[in-house]
Amino acid sequence: MGLEEKLPSGVLLTSVEKLAGWARAGSVWPATFGLACCAIELMATVGPRHDLARFGMEIARNTPRQADLMIVAGRVSQKMAPVLRQIYDQMPDPKWVIAMGVCASSGGMFNNYAIVQGVDHIVPVDIYLPGCPPRPEMLLDSILKLHDKIINTKLGKNRDRQITDLERAKLGMHPPRMTV
């Protein structure tokens with residue numbers, strides 16, 4: 001005999017964190033940063049076949065101050081890296097980043113001085129999307145995984161504690177080497 005059985009039908013019980021996460025996941029607005037051939041696949045995702053509008057993301061924001069998701073599609077040159085960082089810094093918190101394609105994730109086949117070997121050297125990346133170029137279905141899958149991550153994100157002091165616990169767990173997996 002729990003509390004759920006005593007409540008009338010139609011009453012929903014949840015936590016404020018889950019409700020805020022659900023609302024945030026349903027209102028993600030992307031700032032696209034299309035730099036190469038992956039941008040064509042990003043544009044195809046917005047089209048009628050894949051319909052990014054199902055997730056409330058049909059309008060790409062022209063200003064970073066209205067966006068909370070940056071999709072970096074394609075290779076990032078050394079010249080473009082400061083611009084990418086400036087746009088990321090202008091986005092309001094909380095903000096998320098998807099590295100779309102192998103060039104954005106690791107530099108791809110362009111192992112030279114002009115291309116940044118992974119956008120994670122410039123901005124923190126939440127989801128890495130492999131492929132050359134990745135299909136629109138893969139981008140939709142990564143957006144759904146990002147939605148799960150957003151829904152399960154803690155708030156306030158709980159978020160700080162969650163980040164600290166994750167950092168400790170990662171350090172425990174790979175302890176730093178001590179030189180004597």
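Helices here are DSSP runs of H or I with at least four residues, numbered from the N terminus, and by that count Ile 151 belongs to helix α6. Please keep in mind through every view below that this is a predicted model.

**Figure 1. The whole protein combines seven helices with four strands.** Going along the sequence, the elements come in the pattern α-α-β-α-β-α-β-α-β-α-α. Of the 180 residues in the protein, 35% are buried. If we take contacts between residues at least 6 apart in sequence, 75% of them join residues at least 24 apart. Anyone looking for aromatic pairs will find zero in the structure.

**Figure 2. Helix α6 runs over residues 136–151 and turns a buried side to its surroundings.** With 16 residues at 1.5 Å each, the helix should span 22 Å, and the 23 Å between its end C-alpha atoms agrees with this. Its buried residues are Pro 136, Leu 139, Leu 140, Ser 142, Ile 143, Leu 146, His 147 and Ile 150. They sit on the same side of α6, because their arc around the axis is only 160 degrees. The cover over these residues includes two helices, α2 (16–25) and α3 (38–46), together with the strands β2 (69–73), β3 (96–100) and β4 (127–129).

**Figure 3. A closer look at Ile 151, a residue of helix α6.** Is Ile 151 buried or partly exposed? Its relative accessibility is 25%, and buried would require a value under 20%, so Ile 151 counts as partly exposed. Beyond its neighbours within four places in sequence, Ile 151 is in contact with Glu 17, Lys 18, Gly 21, Trp 22 and Ala 25. One of these partners, Ala 25, is 126 residues away along the chain, yet the C-alpha atoms of Ala 25 and Ile 151 are separated by 6.2 Å.

**Figure 4. Helix α4 (residues 81–90) and its buried residues.** Three residues to pick out in this view are Ala 81, Leu 84 and Tyr 88, which are buried. Looking down the axis of α4, we find them within an arc of 60 degrees, so they line one face of the helix. What do the buried residues of α4 pack against? Their partners are the strands β1 (30–34), β2 and β3.

**Figure 5. Lys 95, in the loop between α4 and β3, meets Tyr 88.** Although Lys 95 is a loop residue, its relative accessible area of 17% means that it is buried. Lys 95 lies over the face of Tyr 88, at 4.3 Å from the ring centre. A polar atom of the Lys 95 side chain also lies 3.0 Å from the backbone oxygen of Tyr 88. A further backbone oxygen, that of Met 91, is reached by the Lys 95 side chain at 3.3 Å. Setting aside neighbours within four places in sequence, the residues in contact with Lys 95 are Asp 68, Tyr 88, Asp 89 and Asp 126.

**Figure 6. Ser 105 in the helix α5, which covers residues 102–106.** Ser 105 counts as buried, because its relative accessibility is 17%. Which backbone oxygen does the side chain of Ser 105 reach? It is that of Gly 101, at 3.0 Å. Apart from neighbours within four places in sequence, Ser 105 is in contact with Ala 99, Gly 118, Val 119, Asp 120, Tyr 128 and Leu 129.

Terms used. Residues are numbered from 1 along each chain as its sequence is written. This is a predicted model: local features need pLDDT of at least 70, side-chain atom pairs count only at pLDDT 80 or more; totals for chains, interfaces and linings use all residues. Side-chain values use heavy atoms; hydrogens and water are left out. The expected span of a helix is 1.5 Å times one less than its number of residues. Buried means under 20% relative accessible area, exposed over 50%, partly exposed in between (1.4 Å probe, protein chains only). The arc is that of the directions from the helix axis to the C-beta atoms. Contact means heavy atoms within 4.5 Å. Rings of Phe, Tyr and Trp (its six-membered ring) pair if their centres lie within 6.5 Å; planes under 30 degrees apart count as stacked, over 60 as edge-to-face and the rest as tilted. A charge sits over a ring if NZ of Lys or CZ of Arg is within 6 Å of the ring centre and within 35 degrees of the ring normal. A polar contact is a pair of N or O atoms within 3.5 Å; within protein, one must be able to donate a hydrogen and the other to accept it, and residues adjacent in sequence count only if both atoms are side-chain atoms.
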